[in-house]
Amino acid sequence: MRAVLTWRDKAEHCINDIAFKPDGTQLILAAGSRLLVYDTSDGTLLQPLKGHKDTVYCVAYAKDGKRFASGSADKSVIIWTSKLEGILKYTHNDAIQCVSYNPITHQLASCSSSDFGLWSPEQKSVSKHKSSSKIICCSWTNDGQYLALGMFNGIISIRNKNGEEKVKIERPGGSLSPIWSICWNPSREERNDILAVADWGQKVSFYQLSGKQIGKDRALNFDPCCISYFTKGEYILLGGSDKQVSLFTKDGVRLGTVGEQNSWVWTCQAKPDSNYVVVGCQDGTISFYQLIFSTVHGLYKDRYAYRDSMTDVIVQHLITEQKVRIKCKELVKKIAIYRNRLAIQLPEKILIYELYSEDLSDMHYRVKEKIIKKFECNLLVVCANHIILCQEKRLQCLSFSGVKEREWQMESLIRYIKVIGGPPGREGLLVGLKNGQILKIFVDNLFAIVLLKQATAVRCLDMSASRKKLAVVDENDTCLVYDIDTKELLFQEPNANSVAWNTQCEDMLCFSGGGYLNIKASTFPVHRQKLQGFVVGYNGSKIFCLHVFSISAVEVPQSAPMYQYLDRKLFKEAYQIACLGVTDTDWRELAMEALEGLDFETAKKGKFHEAAKLYKRSGHENLALEMYTDLCMFEYAKDFLGSGDPKETKMLITKQADWARNIKEPKAAVEMYISAGEHVKAIEICGDHGWVDMLIDIARKLDKAEREPLLLCATYLKKLDSPGYAAETYLKMGDLKSLVQLHVETQRWDEAFALGEKHPEFKDDIYMPYAQWLAENDRFEEAQKAFHKAGRQREAVQVLEQLTNNAVAESRFNDAAYYYWMLSMQCLDIAQDPAQKDTMLGKFYHFQRLAELYHGYHAIHRHTEDPFSVHRPETLFNISRFLLHSLPKDTPSGISKVKILFTLAKQSKALGAYRLARHAYDKLRGLYIPARFQKSIELGTLTIRAKPFHDSEELVPLCYRCSTNNPLLNNLGNVCINCRQPFIFSASSYDVLHLVEFYLEEGITDEEAISLIDLEVLRPKRDDRQLEIANNSSQILRLVETKDSIGDEDPFTAKLSFEQGGSEFVPVVVSRLVLRSMSRRDVLIKRWPPPLRWQYFRSLLPDASITMCPSCFQMFHSEDYELLVLQHGCCPYCRRCKDDPGP
């Protein structure tokens, strides 16, 4: 699109408004206190009109052209006749802001700062209606039923003809976004009334009559002063503070600039039913432009692509008349089409499309590549793997990824370029230059081949089907035909503007010019007929002609060139021309001429009816049948079928179907194949063409015993993305394995699982691919569970090990702990197999220990790496000690002893354990210290020397079995130095919990132990108030002892009352009597699955509450556990959600 200035004038005052007379001959301008009337043809000022005493703000012309109205700051409205005479005047209480005529009833709406009035020729008075805000603009709907008012407070009010408000639209900006200009789309093709709104929130938006917004607001980046539609509503004009008028699509997509001005644009209008635009500016300039819309299109054989509405591309199949629209939502600058490729150049990118299939009639395109780059070029060409940009004298070859691969520099300007085919990536280009040079370029070759050079500039080129002849139209409108090999000029014809060779006949070409179509066969004289436009293609008897903006296929009988060949007795050539398309009379004439010329082969093809009769008389009906079949004249062939011979009937129908398939009539071929019982061929055609409906129909009609065609149907349906119908076909065949495979391939897992429930034999076929799919999509935890469910324990463990290694490598130690816990539980599950019991139990204990180490180390790592650690000093102190006591000789991967000792030293110093801190600093001296800790450790080593050499007694851990105070640094590890009882730690604070593990006497089963504990035998003189909260989330023990609770000695505590003192650990073993004395509320039980035994723990402090997770069996202080579950929604150790049922 480009704008050409037709005329320009300048008034003394700002141009506030413009109105065209409906026939477009006159232009009324509101400038200062006068109206100026111009002749639109040449910009002559016809007459100034005086009638107002102050600035004229608005002007509007009635649709019938009989009168127009003006509104002024003097608070008056004047009605003028088309003869420029004032006939009526009425007033408002404030300055008139806008006027608008009803397009149907010619009722005039006039709006002021405080009200609006409605006047019609039939009424003597003006009916006025109050407004809550200043009205800036107004516009009537096409049917004249509703009036839209744009307010200063950002509201749009839609009124009926009586002035009653029906719809109120409030813009988001409110009074900060005054509605400066509105306009209804005048198009009659739109189903809904569409209102374009421009506000000083620097946005343009669109609304339906109901008030519903269409799409989103479009930002303008300037203050709009005027918005108006073209007569048919296809484009919008918008001007304002950016000092220019811009052209937009009806959807608000900017297309370009109409004209740049020196001041704000206050008004712009399109001349009725034309491409002319007038612009009025603040400095009084009036500019009149003509908009020229160029044709943007591309053609390849029977496919034509062209630009529509500036932002859309329509691809038309010239044979089938099918059309497909591609919405680009941006200005389309260039189009190129070649085979199954389509290239569209937009302002900031080039889109490469491809066809979905190789079907010649397929019209479904999809985006193949996007080149996000701005290009400036005169011509655009697309090949199979490249695009070619023509920039005056230069050609550039780019890959679809936007990489420049090759460049050719020409001697002169490039006037014409065309792809003439070739293998993908090696296509040939035909290039014509202004200096008359014609070249052939291959996209994979840097060197251009000069075919020939003529004296005149090239306008159009085409090469014959055999690549032996070249037709050129030059700047003198002459069509010249050359022999490419010898460079000899074969002939030339005048009055040509374009040329095309027949793709099916080597010696035929056509050219257009001077309102005529010229067809030339060989060296015969030209056959001429009337035709408007340009010839762009010639295929058989069809000539493709471009006229204005549309292309059409013209059917041209080839009778004239056929008779030219007949006159010279060239019967075979005449027959070839006749095959392109002639009448029955022409065929008979050809047969008779060939017979007279003793060319019996050609004559036989023409006199086939007589030949058939002779065959019948001689008893050779089979030869007549064969002849008609070869000639594809099947209706006549049926007359020579044997007496109902089914084999011959099937043969004939099959051949007829083969013929229909060859002449590109696949639907007819399918029907014939089905009637002949050739289901496989019918299915192949349907599948190749993507006809899902026909495939379904065939599959449903076939008997379930016909497995081969049913299987082929299902295969095609699966390929054509119709898995539901493919599944239906597999079910009909009873092929459940293929059905499972289909569900798996199409990732319809729910259907696959449902089938697996009914048929467990397919379990592996479902869960294995499901697990692999989950793993490929980075859903490793779900993949692990799926492998486990499929019974593939090795793969399940492998996934977990990989997850664990990754977590450790990425320092996600809390994840590593979780995965090691899962690994341990996986091993415990496998340990139920007696053959693997010992190995798997060993791994179970190993992974449990690693999970505990990494869970604790996570806090240490966070503390040393993250300055905003949330852990309490006591917790970090306890974790450091726990880890030092628990670490094996070979420190697990990722765990740093330096970080543990550094944390221990810092927290020991802070909590008063100076002796332990000094010991930690001494240990650090023997390790390699990272540079970032070096200073802190050296400083800590020095400052700790100033502290006393002892530890705070408050920090000393107590053994709850023997009441022995244990040192902070214990050589034996996490066990009591006196009784060797292992400590039970909280999994959050790592305090030693008041629990003692006990074991059952030989012969007592877990079930019996539970029943004995549950007996709840009350002990005398005991007044404890005990409370247990038990639910499916956790096991919580709360023991509250009153000040008066002094009871007899507990049988359990009696077993703990003496010191062990030996080097060997002696576990607490309880009898049935002791179990019966216990309260269920005092006991926590780890109910491990087989082959492990349950573990029993007795609480020794009645005033503290402990919670055990029922999944991982980790112990917590109840308050800590509840807080952590609230924070994370799950157990912090095993990540079991609080709502999940227990194991």
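Visitor: Which strands form the open sheet, and in what order do they stand?

Guide: In this predicted model, the open sheet is built of four strands in the order β59-β56-β61-β60, and their pairing is mixed.

Visitor: What makes β59 and β60 the edge strands?

Guide: Strand β59, residues 1068-1070, and strand β60, residues 1083-1086, each pair on one side only. If direction is ignored, neighbouring strands of this sheet are turned against each other by 40° on average.

Visitor: How do you know that β56 and β61 pair?

Guide: Two strands count as paired when at least two bridges are found between them, and β56, residues 995-1000, is joined to β61 by four bridges in the antiparallel sense, so the criterion is met. One position to look for is Phe998, whose bridge partner in β61 is Tyr1096.

Visitor: Which helix packs on the sheet, and which strands does it touch?

Guide: Helix α25, residues 1006-1013, packs there and touches β56, β60 and β61, while its direction makes about 20° with that of β61.

Visitor: Why is Phe1097 called buried?

Guide: The word applies under 20% relative accessible area, and since Phe1097 has 1% relative accessibility, it counts as buried. Phe1097 lies in strand β61, residues 1095-1099.

Visitor: Which residues is Phe1097 in contact with, leaving aside its neighbours within four places in sequence?

Guide: A contact needs heavy atoms within 4.5 Å, and the residues that qualify for Phe1097 include Ile984, Leu995, Phe998, Val1083, Leu1084 and Met1115. Of these, Phe998 is 99 residues from Phe1097 in sequence, yet their C-alpha atoms are 6.0 Å apart in space.

Visitor: What makes β51 a mostly covered strand?

Guide: Five of the six residues of β51, residues 516-521, are buried, that is, under 20% relative accessible area.

Visitor: How do you know that β50 and β51 are joined, and in which sense do they run?

Guide: Six bridges join β50, residues 508-513, to β51, and the two run antiparallel, so the requirement of at least two bridges for a pair is satisfied. Gly513 stands opposite Tyr516 in β51, and the hairpin formed by β50 and β51 has two residues between the strands, with Gly514 in the turn at a positive phi of about 65°.

Visitor: Where does β51 pair with β52, and how many bridges are there?

Guide: The pairing of β51 with β52, residues 527-530, is antiparallel and has four bridges, with Leu517 standing opposite Gln529. These two strands also form a hairpin, with five residues between them, and here Ser522 in the turn has a positive phi of about 50°.

Visitor: Why is a space called a cavity rather than a pocket?

Guide: In a cavity a 1.4 Å probe fits but cannot get out, whereas a pocket is open. By this rule there are two cavities of 30 Å³ or more, and the largest holds about 80 Å³ of space. Its lining comprises 14 residues, of which Arg881, His885, Asn974, Phe983 and Phe985 lie nearest the centre.

Visitor: What is the volume of the second largest cavity?

Guide: The second largest cavity has about 50 Å³, and among its lining residues are Ile984, Leu995 and Val996, three residues that Phe1097 also contacts. By class, the lining of this second cavity divides into nine nonpolar, one polar and one charged residues.

Notes
Residues numbered from 1 in each chain as written. Predicted model: local features only at pLDDT ≥ 70, side-chain atom pairs only at ≥ 80, totals over all residues. Heavy atoms only, no water. Buried < 20%, exposed > 50% of the residue type's maximum accessible area, 1.4 Å probe, protein only. Axes fitted to C-alpha atoms, helices over the stretch in contact; angles between N-to-C directions. 1 Å grid on protein atoms, 1.4 Å probe; cavity = no way out; pocket = protein on both sides within 12 Å on 5 of 7 lines; lining within 4 Å. Points joined across faces, edges and corners; volume = space filled by probe spheres on them. Nonpolar A, V, L, I, M, F, W, Y, C, P; charged D, E, K, R; others polar.
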